[in-house]
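Student: I should like to learn how to read the surroundings of a bound ligand. May we work through an example together?

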Amino acid sequence: MTHKMNAAVVTTFASPLVLQEWDIPTPGAGQILVKTEACGVCHTDLHAARGDWPLKPTLPFIPGHEGIGLVAAVGAGVTIVKEGDRVGVPWLYSACGHCEYCLSAWETVCEKAEFGGYTKNGGFAEYILADPNYVAHIPAGLPAKDAAAIICAGITTYKGIKESEAKPGQWIAISGAGGLGHLAIQYAKTMGLQVCAVDIDDGKLVHAKRVGADVVVNAKSSDPAAAVKEATSGGAHGVLITAPSLSAFKQGVGMTRKRGTCVLVGLPPGEFPVQLFDVVANCITIRGSFVGTRRDMAEALAFAAAGKVKADIELQPLSSINQVFDRLEHGEVAARVILEFGGN
Ligand code: NAD
Ligand code: ZN
Ligand code: ZN
């Protein structure tokens, strides 16, 4: 094999990514090398490249945390995967395995967690170095391009719906019907919930209906909280906010039924604007949710392998990443772009 790989690299925040040739990394003891087949483009990658969040990645870095590929080489001592296995390298790149959170199966909030495509180089490259203890195991029969969005957009929304504590037959409102949201709708339907999808774009709402939403609300053309309350006879039991917009957070609390739970998943920079009185007097729970555990990953992938959820994907080459980012920023991506890598 050649010793160089193509990668899309963030060299300066808020500037276009630079296509570079990097040395293919060599897996050390306990590491594996994955040859990328496909990698989804998440809105988080945009936040990362812009340096939107308080904890910033160290420059230069390779984004991408929906990378799926085949194990190309294993370092000394690796037994959990073998060459040729199909794995995913997710946002939860690794954790310590020993802290109070890891020990209680909350590895997502491990103090020493590393993040794929953020604190570790990710999947916008032909090869990815990974920790075999934290990779996703892709079920047989699920193609790489279909698995990609599941390992971030899928797991995050599947976990977020569980965290909403909405029960079968009850209502969930899903704010933002993009990459995360279009999968959230499908997970929620297959989990037996009634779904109200909210977006600011009519095209996204048509799509939301197509993938199973019972009711849709355009947050631009109406008072979305009032519209959701009316459609759900008093508010959604669970609300999942995936929209990368602060106004969606304020509205999301207003959509929540008394004693319901509003789960925050979108990560726009800034502070969370909320009327305290509405939260207190309605006994509302507001809860953050961050990707999902390895167990959530296996469950989220099983739904996809069984054909119960399917990401709507648009395939693009790695070289188009800056156009894809531009479209994602302007709401012009229908659901999920997957970078497809040739030569596999
Ligand atoms: P996306 O761009 O594909 O989708 C966002 C959707 O929100 C679009 O359809 C857009 O039209 C809609 N939207 C924008 N403003 C809105 C508003 N005011 N009300 C309703 N809808 C609105 O993005 P994505 O890849 O789905 O990611 C969404 C957010 O989730 C990002 O902030 C991302 O960083 C975050 N995220 C969080 C986690 C986590 O673990 N918590 C994981 C993955 C992504
Ligand atoms: Zn993501
Ligand atoms: Zn830990």
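Student: Which side-chain contact should I examine to begin with?

Tutor: A polar contact is a pair of N or O atoms within 3.5 Å. Here, an oxygen atom of ligand 1 lies 2.7 Å from an N or O atom in the side chain of arginine 336. Likewise, an oxygen atom of ligand 1 is 2.8 Å from a side-chain N or O atom of histidine 47, and a nitrogen atom of ligand 1 is 2.9 Å from a polar backbone atom of serine 289. Please note that this is a predicted model, in which local features need pLDDT of at least 70 and side-chain atom pairs count only at pLDDT 80 or more, while totals for chains, interfaces and linings use all residues. Residues are numbered from 1 along each chain as written, chains are lettered from A and ligands numbered from 1 in written order, and side-chain values use heavy atoms, without hydrogens and water.

Student: How many residues surround ligand 1?

Tutor: A residue is counted if one of its heavy atoms lies within 4 Å of the molecule. By that criterion 31 residues surround ligand 1, and the closest are His43, Thr44, Asp199, Val291 and Arg336.

Student: What kinds of residues make up the shell around ligand 1?

Tutor: Asp, Glu, Lys and Arg count as charged; Ala, Val, Leu, Ile, Met, Phe, Trp, Tyr, Cys and Pro as nonpolar; and the others, Gly among them, as polar. The shell divides into 15 nonpolar, 13 polar and three charged residues.

Student: Which element gives the largest share of the shell?

Tutor: Helices (H or I, at least four residues) and strands (E, at least two) are DSSP runs, numbered from the N terminus. Helix 1 gives the largest share, three residues.

Student: Where is proline 60 placed?

Tutor: Proline 60 is in the loop between helix 1 and strand 4 (67-74). The peptide bond from leucine 59 to proline 60 is cis, with omega near -15 degrees.

Notes
Polar contact = N/O pair within 3.5 Å; in protein donor to acceptor, adjacent residues only side chain to side chain.
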